[in-house]
Amino acid sequence: MTARLERVLHVEDDASIRAVARVALEKVGGLTVLSCASGDEALTQAPAFAPQLILLDVMMPDMDGPTTLQRLSAVMDLQAVPVIFMTAKVRPDELDGYRRLGAFDVIIKPFAPLSLAAELEARWRNFHRIQGG
Amino acid sequence: MEPQGAVMTTSEDEDLISTRGFVPAPPPADEPDRLAALLRLEMLDTQPEPIFDDLVVLAAHICDCPMALISLIDADRLWFKSSIGIDLVEIPRDLSFCAHALTSEASLLEVPDAQADPRFAGNPLVLGEPRIRFYASALLVGEDGTRYGTVSVIDRVPRELNDTQRDLLQRLAHQAVTHLQTSLARRQAQKGRRTLELLLEAMPDAVITCDREGRLEQFNRTARQWHGIDVRQLPPSQWRDHFSIYADGELLPPERYPLHRALQGESIRDVDILIRTRSQPDRHVRCNGDPLLDDSGAPTGAILVMHDITAARAAERAVAEARARLQSIIDASLDVAIIVTDKGGVVTLFNPGAERLLGYSAEEVVGRIKPSETFHDQDELAERAHEVGLEPSDLRAVAAIAAGGISERGVDTRQWTYVRKDGTTRQVRLSVSALLDARGETRGYVGMATDITPLVEAREAARLSNDRFRSAFTASAQGIALVSLDGRLFEVNQSLCDMLGYPPDEMVNIHFEQLVLPEDVPGDWERIDQLVSGRISSTRLSRRCVRKDGQIIWTIHSMSVVRDSNGEPLHLVVLLLDVTQQKHANDALVESRQFLQALFEHAPDALVVLDANGRITQANRAGRSLMGMVLGDTLQLKGEGVPALPELLARCRATPGLEPAIRLQADVTVRNRDPVPAEISLSLVPQAGIPHWLAIIHDLTEQRAVERLKQEFVSTVSHELRTPLTAVSGALSLVNSGAVGAVPDELREMLDIAEQNSQRLMRLVNDLLDIDKLVAGKMRFAVETIAVRPAIDEALAAMTSYAEPYQVTLECVDSGPAAVLGDPMRVMQVMNNLLSNACKHSPPGSTVRVFYRQEGDEVVIAVKDEGSGVPEAFHARVFDKFAQADSADDRALVGTGLGLAIAKELVERMGGTIGFDSPPGEGACFWFRLPAARPEAGA
């Protein structure tokens, strides 16, 4: 297992968020980011990209985050890939719901762009700590 | 026969012969009687009869003569009843040989040779046809000796009869006479019978006879009429189809009909029967009948004569009925005493009415008592006797007085005092008339007495009542007026004058129309008409009257009509009671009630009145429309922990009053309809002493829906805002951080402004979401012990950068260790909100201080600024959402308007309280209290 988080798949229908997230993760965090505008796009590109972590917007048209997650798990092995949901809907019961759907954690919009990469990395490490333990 | 002819010869005969050649026979001495007898025989000019023809043939044969005849000697002719050998029917009496036989002593006249007899020799009958030479005749002598004529034989040759022939000729004559007389008897019998039949037919009585075998013979017209048919034409088996015979109401079988009884030998006397037929009215008849016997006493039949007694019966019955009716009237007249006395004044009849009036029984009185001595008040009687100048001891006079005093024929009616058996007296109106017999003689007296005691007493009572009315009239506090039927007041009391402001003399004769409002006049007349016509007996109504000074007063107005004894209306009595003051009070009450009623009815909340079982006895419009409640429905409350309604109502009893005794939220329903969420206030409102409850039901359906909509809206909007805000503030913070390159100085200020405002917008959205979560109850609190001082320091540190732009110094006033129970993150949020609020309202250069102190089992934390304080007008709304005081300082407007509202919600959720003090000129001090916790070691 790589000791460092390098490749992040970001699925988000909003182009502005995608752009901000890309800058925050690449420029601030030095990560390699694959930005996909939809679940379909992610399904075709993700296996080749082999992300170490997936940041998945929950509310998307056509195919929402949980569905995308379900489909992705069919086309690639996600055993070692933490999936973080990103959402503006933040109700405690919803958080539990997302976890049941396979999310490792949830990041609430608005996120802090300067610390986003660090937050992802912390969760990635935590994921692997749990996995490893 | 020689000597006979010689004897008959006379000188006179000689003369006749000399002139005519023969001698007519002289009439016998008894000729008129004989002729009369002959006429009575009624044989002259009758038709031939075989019996006589037989006798003539026999005579001719016996006497061996060619001619024979039976002749009757009429006044001037000889008429042949029968003849043989002669074609003539009659010959003149002068020429007849027979006439000579009339005067002959002998019963037989024989002329052996007519030519040799001077009496006949020249007779044309001798000289010409039939050329009589021999003639012999025997006289027809009746039982009474009348000589009617002869039986004669004639021959054309002279000869003589032998003795046998003579004897036989006489016997034939005798036979002829017998037949003549028998014929007469038969004819007479026929005639009599016809007469009898006619008589029978014409009789008004019914006559029927039957023969020995019971077969009907006579059945006269009357009988036929009564039976509706000629019964003779019917076989007895069919009689019952046509008529029925009753006796004493019993249907008789034919064998018991009176005629049949007579046939059995019974003598029927005055037996009454009823004949009922189909076509005739019932007929009562009285029968008399007998068996018919022949000479030997053997029965030959029966006869029955029936006399119609229907009319007599009816008359008898009418008399009996009239008598019975009269008797029943007398007996039934309980209200009229009828006493009949004989001429001597002794009672002969005493009806039940009299028994009742006088208290005596008829047995005690009839034949024993004289009304004048026993029933009358003796003093009164003596007084009346004295008035008419009679001595009371004069029995006849007293009777006459009792009978009315003077006239014996007329009817006298006057009032008397009767003394009852028990000694009490009654006033009676007594009519007495004399009872006359057929000759007009007084037989006795009839008295008819009516008890008028009640009337007399009533009159007395009326007199007293009138007196009392007078005094009441005068003294009454009510206004009273007697009003003529044309509407004019003719008598008034002082109260009325006072009430209407008129002097008494002006009131009298005033017309009521002057005392009322014009628009009320037609209605008044209508009521008067109804009273006078008897359609209503009295009126009572609220009424305006006009005083003399024009002021209008309210009265209770009663009116009734006074009638005479015949029921004719005399005048009106009007009573007036001045109720102006009550009227005003009542109006106010009515208005108030209407106002309350309108309030009740039109209140937007459902108002229902319940009985102890929760049944709806009254409901306003909103109540009726809420789930379609109707009176009688039982209201039900549902919800977690909500007691049954009757239980709740029972709890209400203790706290009557206008304040709702119980207020709760629950779902309400009736008849298992879909429940409606509502806030319900219950209070006890007794009605007519019976406990009832007013339930004010505030329908929360809409409010809940609005809240839900609002939350959804807020949630959605917040989410939709967050995404672009995330992009904006994220992009700006990246730019400002230099992550995408150095920022030129000339852009930095603007970019900072943009970033700060994007963050402010973000806080606003976060606050909105917090409120949303709080209101939805979806915020979680992880309660733990929080050391107060470190928490305050942390908050101050976090807020320092925030306070900088306001040039406000933040500091904490230490009060030693203290700890509270709460969610650290939320406590921090509360302090941040209070601190940011204080900064915004602090003048530059001022200090915001945070105090804390344990008070009992609570810790109070206060944030005090040095600003202008909370405006008085804003106090009540300080913790409302989006409430921000108007302020000249536009820095106050940079907040979201949600901070204090969120702080309040958070504190209260953690079991604390929040508030503020703002003494004028001392700035504002916002504080919150949380449950105290034991301070942790080392805190």
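Buried means under 20% relative accessible area, exposed means over 50%, and partly exposed is whatever falls in between (1.4 Å probe, protein chains only). Keep in mind that this is a predicted model: local features need pLDDT of at least 70, side-chain atom pairs count only at pLDDT 80 or more, and totals for chains, interfaces and linings use all residues. Residues are numbered from 1 along each chain as its sequence is written, chains are lettered from A and ligands numbered from 1 in the order in which they are written, and side-chain values use heavy atoms, with hydrogens and water left out.

**Exercise 1.** Work out whether Leu599(B) is buried, partly exposed or exposed, and find the patch that holds it.

Solution. Start with the location: Leu599(B) sits in helix 21 of chain B, residues 580-602 (helices are DSSP runs of H or I, at least four residues; strands are runs of E, at least two; both are numbered from the N terminus). Its relative accessible area is 47%, so Leu599(B) is partly exposed. Next, look for partners: Leu599(B), Phe595(B) and Leu596(B) make up a nonpolar surface patch with about 320 Å² of accessible area together. Patch members have over 30% relative accessible area and no salt bridge; like charges are joined within 9 Å, nonpolar side chains (Val, Leu, Ile, Met, Phe, Trp, Tyr) within 5 Å. The areas come from the Shrake-Rupley method with a 1.4 Å probe, and for residues only the protein chains shown count as cover.

**Exercise 2.** Describe how chain B meets chain A.

Solution. Count contacts (heavy atoms within 4.5 Å): 19 residues of chain B touch 21 residues of chain A. Then take the buried area, the accessible area (1.4 Å probe) that two parts lose on being put together, summed over both. That comes to about 1,800 Å², with 70% from carbon and sulfur atoms. Now check for salt bridges (a side-chain nitrogen of Lys or Arg within 4 Å of a carboxyl oxygen of Asp or Glu): the count between the two chains is 0. Finally, ask which elements of chain B take part: helix 24 (701-737) and helix 25 (745-776) each supply at least two residues of the side that touches chain A. Helix 24 gives the largest share, 11 residues.

**Exercise 3.** Say which parts of chain B the salt bridge between Arg187(B) and Glu42(B) ties together.

Solution. Begin with the distance: the two side chains meet at 3.7 Å, N to O. Arg187(B) lies in helix 7 (residues 163-202) and Glu42(B) in the loop between helix 3 (31-41) and helix 4, so the pair ties together parts 145 residues apart in sequence. As for exposure, Arg187(B) is partly exposed at 24%, and Glu42(B) is partly exposed at 39%.

**Exercise 4.** Find which residues Lys421(B) contacts beyond its neighbours within four places in sequence.

Solution. First place Lys421(B): it is in the loop between strand 16 (411-419) and strand 17 (425-436) of chain B. Its contacts, those neighbours aside, are Leu358(B), Gly359(B), Tyr360(B) and Glu364(B). With Glu364(B), there is a side-chain to side-chain polar contact at 2.5 Å. (A polar contact is a pair of N or O atoms within 3.5 Å; within protein, one must be able to donate a hydrogen and the other to accept it, and residues adjacent in sequence count only if both atoms are side-chain atoms.)
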